[in-house]
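Please look over the sequence and the 3D structure below before reading on, and keep them at hand while you follow the report.

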Amino acid sequence: MASTRKPTYKPATDTGQPTAGRPRSKDSGTVISAQRSLEPGVTPAVKSTGSANPVDKNSKSGKATPPGNVIAFPEPKGKRQRRLVLWTLSIVAAFVAALIAGAVYSPVLAVRTVTVDGTTLLTPDAVQKALSGLEGKPLPQVSEQEINELLKPLVQVRSATMEARPPSELLVHVNERVPVALLKQGDSFVMVDVDGVQLGATKDQSAVALPLIDAGAGATKTELFKAIAAVLDTLPADVLARMSTASAASADAVELKLVDGKTVVWGNAEDRELKAKALEALLKMPADPKVPVRVYDVSVPRHPFTK
């Protein structure tokens, strides 16, 4: 609001003495002064400089100068919002970190039950015993690498995966090695997988539906064993169960015998999957009493035949 100036006229008091250094005017009996009036309730904004009479350092006279008016601009709205967002994100991140730390080390999530599935050669109790060291450990701290390290003494286990079931159950899925043949060792028959790992032994050959590889001691280290084992590992489980023996004069002349005495000419290790499908199809063909089959030849899998 603009202020108004109201000139007033005041008669001067004549002291009878002229002002030093200043001649007395003829009109000195009258003094003109100006007064500034502000609207009621309006106070001028003045910023104090810390002293009653601030001095302008740039002034040559060194006299005090009246304080100036200061205009305070409000903080931009966008800047306030950004600061608020950053504070909010910091608080949320700290809260989440606290929750994660609590979950990782909380005894509430400690392992109390270990459940095992996927075992055939092993019993679940054997796996649970090997993993007993995990009991009492928080679930978030258990890793599959640690589980596989603990199961290494069990040669039947190829690998294992885990599934955490809060608050306290650990489910372990076991992937066992698959036996593909029997090896004669003394009075026992040892089950071996494609890698030659011994998975168990039995006294009764007929108790296990696997073909016998009669290759003597150290057979799992020979090229012939690797060729035969690779063939047996390719066969479907129901076809493998019908095999009695497996042999090879060379790596290119693998031959199988069925439990009914029939022969399977396999040949080399090439196209194993295709040969396995051809043999499966031949075995499913209905038998003809007039044309008995003694040999199944899949050495050329795209043109298999019987004789």
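This report on a predicted model goes through its salt bridges, a charged surface patch, one helix and two pairs of positions.

## Salt bridges

Side chains of opposite charge can pair when their charged atoms come close. In this model the count of salt bridges comes to nine. One of them joins Asp195 to Arg158, whose closest N and O atoms are 3.7 Å apart. Because Asp195 lies in the loop between strand 7 and strand 8 while Arg158 belongs to strand 4 (residues 157-165), the pair ties together parts that are 37 residues apart in sequence. Both partners count as partly exposed, Asp195 with a relative accessible area of 48% and Arg158 with 40%. These two residues also belong to a network of salt bridges that links Arg158, Arg177, Asp193 and Asp195.

Two further salt bridges can be described in the same way. Lys262 pairs with Asp260, with 4.0 Å between the closest N and O atoms; Lys262 is partly exposed at 23% relative accessibility, and Asp260 is partly exposed at 45%. The side chains of Glu280 and Lys284 meet at 3.7 Å, N to O. Here Glu280 is partly exposed, with a relative accessible area of 22%, whereas Lys284 reaches 61% and therefore counts as exposed, the cut-off for that word being over 50%.

## A negative patch on the surface

Asp252, Glu270, Asp271 and Glu273 form a negative patch on the surface. Of these residues, Glu273 can be placed in helix 6, which covers residues 272-283.

## Helix 4 and a loop residue

Helix 4 consists of twelve residues, 223-234, and spans 17 Å from its first C-alpha to its last, which is close to the 16 Å expected at 1.5 Å a residue. Several of its residues are buried, among them Phe225, Ala227, Ile228 and Leu232.

Ala230, which is also buried in helix 4, has its C-alpha atom 6.2 Å from that of Val194, although the two residues are 36 apart along the chain. Val194 sits in the loop between strand 7 (188-192) and strand 8 (198-202), and it counts as partly exposed because its relative accessibility is 24%.

## A position in strand 3

Thr115 is found in strand 3, which runs over residues 113-117. With a relative accessible area of 26%, Thr115 is partly exposed. Its C-alpha atom is separated by 9.4 Å from that of Asp125, a residue ten positions away along the chain.

Note on methods: Residues numbered from 1 in each chain as written. Predicted model: local features only at pLDDT ≥ 70, side-chain atom pairs only at ≥ 80, totals over all residues. Heavy atoms only, no water. Patch = residues over 30% accessible without salt bridge, like charges linked within 9 Å, V, L, I, M, F, W, Y side chains within 5 Å. Areas by Shrake-Rupley, 256 points an atom, 1.4 Å probe, with all protein chains shown as cover. Lys, Arg positive; Asp, Glu negative; His and termini not counted. Charge placed at Lys NZ, Arg CZ, Asp CG, Glu CD. Helix = DSSP H or I, 4+ residues; strand = E, 2+ residues; numbered from the N terminus. Expected span 1.5 Å × (residues − 1). Buried < 20%, exposed > 50% of the residue type's maximum accessible area, 1.4 Å probe, protein only.
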